[in-house]
Every structure is written in structure tokens, then in C-alpha cells.
Amino acid sequence: MSPLVWVGVAEVALRTLAVSASALLLALALGLPLGFLLGRHRFPGRGLLAAVANAGMGLPPVVVGLVVYLVLRRGGPLGSLELLLTPPGMVIAQVLIALPLVVGITLAAVGALPPDWHLQARALGLRGPRALWVLAREIRLGLLAAVIVALGGIISEVGAVQMVGGNLEGQTRMLTTGILMYTQMGRFEDALALAAVLMGMTFVLAGTLTAIQQARRA
Amino acid sequence: MRDATRVAVLALLVAGCGAGEEPAAAAIDVATTTSTRDSGLFDELLPAFRGATGIEVRLVVVGSGAALRMGADGDVDVLVTHAPEGELELVRAGKLVDRRPFMENHFVLVGPGDDPAGIRDLPASAAFARLAERNVHYASRADDSGTHRREQALLREVGLDPEAGWPAVLRTGAGMGQTLQVAGERRAYALTDIGTFERFRTRVDLEALSPPDASLRNLYSVLRPNPDRYPPDHLDVEGALALADFLLSPATQARIAAFGKNPSGRPLFAPLFAPGSEP
């Protein structure tokens, strides 16, 4: 393959990284506190919210894509923002896909702690942010699982980013939508090149997170 | 006996589970272009074909370039495409046989109603020259489809680089329907077959801007892979011939002539053989 083709592949790969990383960070920023809240506190509607999060873990990305498309399209409720067919539009869709994953797994990790955990923490003189930090370290296996699952869900996703991003060359083409397109065009070499990059990227990211997750565990 | 079994299996499928696996013996793979599906034509024709022959059709909907490649590689039994130069090239190379044109319509340049580039009623090539000069948004299929190939030919005609186009070109790499939606959302121009456009015109805020001229003629043909290049059972030649005969039959040609007349009074496709006459 010519060097020019690889420049195109790199451009698509970098966009995929940027969009997916933005979506992951946003999903974590929203999902981790929400997961903690649902796992640690009792309040009215908590059960319903937890059920929504767990149901959302199986939310089909194409449905998210459809809804985001309809909301963002010209003439849709948020059409004036002109986010359809743009990277920020794709980030919105990916956040909606990843958020239930982060909330659901965080919720489960927090729930796995002994019910009197906060009493123990208090007995050890831990309060406020420090207690939260110790809690987070205690359940980091689960939290990193949330990060890994959310990343996997985002980076491998094709339906929603195709619908919302439109796979426009040089603007919204992602590794997954590019693979889909080249396969449909019968250009299997190009599809394989993008697939190789996607697999490599996923493996390196998941491997790094796994190393963090498993660090200093006997 | 075989036919009886086929009918029994089909009847069971229809009566029983509905969407199950089709029996392998009575199904052909057809590669076709997005325009025949997106315009709704095949939704209309294929049930009649199934009713007349009992043959199920598995549609592989791709651009003409990919359809031609699949046909040349023997991946499908029949193909319906609209890229005459590419078709004839593969026929000359002995990879495809039995090319039969059966209907036509035309391409049309569409764009926002206020026409910011001022191309209304210009001939297609002049319109493309102006779009490039004004550097306005233009949604290109960029998928090696028949429509994309025509766009490239028109760009070449006015001395533009068909690959590079101009900076504001949006390349969707997608089918006609999706490309029209992108054009509508981005207030961009696009080249489309009239069939798909008529189907989408109520859903996208775009207007037909170019008058039909000879450079925009769009010819659809049915072809099949050369069976001599494959082992005897590789292709369903019988099924392929049945579909080609069906598309050129007077009844189907009449159906094509009547299809989609309601929205504008104009038919979406014109059959090549006047209904009633033998092709």
C-alpha cells in the first residue's frame, strides 16, 4: 500500500482516538459519581435509576444513533446546534452508549463492599475525600473494569457513529465506519488495514488498563 | 417432485415462522445498486418475481463498482447496475455475459432551494464548474458507484480533478439515500439518480436544479457472471436467467413504467421496451 494511503489511515485512527477518548472521559466524569451515589446512598428512585443503568448496559448502539440523529438533525429539537455530521455529535452518541456501562459496573463494584464499610472507615478515622479515595482503591478492580468495558464499547462501536457522524472523509470517518464502507465497496485491503490498526489500538489500550488494574496484586 | 418440495417448504416458511432461512435451492444472490433499493423499485418488483417463479432473491445492495466486482468474481448469480462503461469493459474481458439494458432514467443535480451557487438550469458540466469555482458544499458518494462514476466523468469534462474535486466536497462513501440526507443536513449540492431523489424529496430539503440532458442519461442493465469460468454448481444460471427474463418481460416493463408515478406525475424509471411489445 502506498504511503499516502497510510496517511489516510493515520488520520482516521487519530480521529477515532480523539473522539473515543473524549467520550470515555465524559462518560467517566458523569458515570463514576453517579455509580458511587447509587451504590452508596439510599434515596427515593434509587432502585429505578439502578435498573435503568443496568438495562442501559444492553442498549443497542443503533437505537442510540437513531435517537441522537433525530434530536440533532436540522429541524430536530437541537438542530440549531449543528452537531449532526460532526465529531462532537459522535461524542454525544458514544457517551450515551458508555454511560450506562460505567454506572452499572461502578454500582456493582461499590455494592460488593461489606454493608458496614463506612463504619469501618470511620473507625479508622477516614472521612470525606480521603474515605472516598480509600474506597476507590478498594474497588479499583471493578472501576477499571468499568473503564475497560466502556472503552471497548466506544471504540468498537459502528452503528451510532455511522448514523450520527455520516462517515465523511476527512471529517467524521472512524476506523469502524471506514471498515464497513471499504468492505461494502469490495476494497478489502483498505478494510483490513483499518481493522489491523483498530485491533492494535484496542489491544494496547486494554493491555495498559489491565496492567494498571493488576499492578501490585499478589 | 423438486418443485413440489420447494412449494411445500415455501408454504411452511410463509405459514410458520415467517422470517426464517430461505431454502438454498430456490434463492439467488443479486448484487444491485443502492438506487434500485432506495427508490423502492425492487420492493415492488421482487414480490412479483417470487410469486411468478418461487425464487427468493437475496439482495446485496452496494455501489455499481462493488456490484461489478462481485459479479466479475462470481460472488453473486446476477447483477443489476448502471455503469455502462464498466459493464462493457468486464463483458469484453469475458468476466460478465448477457448484458441486457432494461430501463433508464436520468441523473439530476440537486441542491438547496435558494441555490447559493446559482446553477439552476445550467447544463450539468457547467454547473459542476461553477460549484468548484464557488467552492460550495457538495455531497459526493465517493464510493465508486455508477452515480459517482458519472460525477467523475462530468468533472473530467470541465478539466477538474475527479479525485480531488474542490475543498468543500463532502465524501460520504455511502449510498444515494444517505448521501442525499447528508446534502440536506449540510445544505449541500449532490448528483443523484432521479428515482432515489423522488423517493427522498419529501424528506430532504433539496430541489432538482439541472434540466435533464444527454450527459445525465442513466441506463440500467442486468448482467451475470460468465458461467464458463466457474465449476458447474457455482452459479445459479437458471435463476439468473429467470430474473433477467422477468425484468425484460412485458408485464414487468409495464410495472416499471407505472412505478412511482404518484408524487410528481413523472415515472421514476422508463422501461426500454414499450409494454405490450416483445423485447
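**Pockets, cores and buried residues in a two-chain model**

The residues lining the largest pocket divide into 15 nonpolar, 6 polar and 10 charged. The model in which this pocket is found is a predicted one. The space inside the largest pocket comes to about 750 Å³. Its lining has 31 residues, and the closest to the pocket centre are Glu169(A), Arg173(A), Tyr182(A), Arg187(A) and Arg171(B).

Both chains contribute to this lining. From chain A, the elements that supply at least two residues each are α1 (3-40), α9 (175-184) and α10 (188-214). From chain B, they are β5 (138-140), α7 (146-157) and β6 (169-171). The largest share, 7 residues, comes from α1(A).

Arg171(B), one of the residues closest to the centre of the largest pocket, is placed in strand β6 of chain B. Is Arg171(B) buried or exposed? Its relative accessible area is 15%, and buried means under 20%, so Arg171(B) counts as buried. Leaving out residues up to four places away in sequence, Arg171(B) touches Asn167(A), Leu168(A), Glu169(A) and Arg173(A) in chain A. In chain B, again without those sequence neighbours, Arg171(B) touches Ser140(B), Ala142(B), Glu163(B), Ala164(B) and Gly165(B). Two of these partners, Glu169(A) and Arg173(A), are themselves listed among the residues closest to the pocket centre. Arg171(B) and Glu185(B) are 14 residues apart along the chain, and their C-alpha atoms are separated by 14 Å.

The helix α1(A), which gives 7 residues to the lining of the largest pocket, also contains Val19(A). Val19(A) is buried, and its relative accessible area is 5%. Not counting residues up to four places away in sequence, Val19(A) touches Pro87(A), Met90(A), Val91(A), Gln94(A) and Met174(A). Between Val19(A) and Val9(A), which are 10 residues apart in sequence, the C-alpha to C-alpha distance is 15 Å.

Another contributor to the largest pocket is α9(A). This helix is mostly covered, with 7 of its 10 residues buried. Those buried residues are Leu175(A), Thr176(A), Thr177(A), Gly178(A), Ile179(A), Met181(A) and Tyr182(A). Tyr182(A) is also listed among the residues closest to the centre of the largest pocket. After α9(A) comes Gly186(A), which has a positive phi, near 80°.

The second largest pocket holds about 410 Å³ of space. It is lined by 24 residues, of which Thr34(B), Arg37(B), Ala174(B), Gly175(B) and Gln178(B) are the closest to its centre. The lining divides into 8 nonpolar, 10 polar and 6 charged residues. The helix α9 of chain A supplies at least two of the lining residues, as do α2 (34-38), β2 (56-62), α8 (176-186) and α9 (194-200) of chain B. With 4 residues, α8(B) gives the most.

Where does the second largest pocket lie with respect to domain 1 and domain 2 of chain B? Domain 1 covers 2-105 + 217-271 and domain 2 covers 106-216. Both domains give residues to the lining, so the second largest pocket lies between them.

The nonpolar cores come next. The largest has 27 residues, and Val110(B), Leu180(B) and Leu206(B) have the most contacts inside it. The elements of chain A that give two or more residues to this core are α3 (61-72), α4 (87-111) and α8 (159-165). In chain B, those elements are β4 (96-111), α8 and α9. Leaving aside neighbours within four places in sequence, Val110(B) is in contact with Leu180(B), Ala188(B), Tyr189(B), Ala190(B), Thr192(B), Phe197(B), Leu206(B), Glu207(B), Ala208(B) and Leu209(B). Another core, of 25 residues, lies apart from the largest one and includes Val30(B), Val80(B), Val222(B) and Phe259(B).

The helix α4 of chain A, one of the elements giving residues to the largest core, also holds Thr106(A). Thr106(A) is buried, at a relative accessible area of 0%. Apart from its neighbours within four places in sequence, the residues in contact with Thr106(A) are Leu32(A), Gly35(A), Phe36(A), Leu143(A) and Ala146(A).

Chain B as a whole has 11 helices and 10 strands. Of its 279 residues, 54% count as buried. Among the contacts in chain B with a separation of 6 or more, 75% are between residues 24 or more positions apart.

Note on methods. Residues are numbered from 1 along each chain as its sequence is written. Chains are lettered from A and ligands numbered from 1 in the order in which they are written. This is a predicted model: local features need pLDDT of at least 70, side-chain atom pairs count only at pLDDT 80 or more; totals for chains, interfaces and linings use all residues. Side-chain values use heavy atoms; hydrogens and water are left out. On a 1 Å grid over the protein atoms alone, a cavity is a set of points where a 1.4 Å probe fits but cannot get out, and a pocket is an open set with protein on both sides within 12 Å along at least five of seven lines; lining residues have an atom within 4 Å of a point. Grid points are joined across faces, edges and corners, and a volume is the space filled by probe spheres set on the points. Ala, Val, Leu, Ile, Met, Phe, Trp, Tyr, Cys and Pro count as nonpolar, Asp, Glu, Lys and Arg as charged, and the others, Gly among them, as polar. Domain bounds come from an automatic or database domain assignment. A nonpolar core is a set of buried Ala, Val, Leu, Ile, Met, Phe, Trp, Tyr and Cys residues joined through side-chain atoms within 4.5 Å. Buried means under 20% relative accessible area, exposed over 50%, partly exposed in between (1.4 Å probe, protein chains only). Contact means heavy atoms within 4.5 Å.
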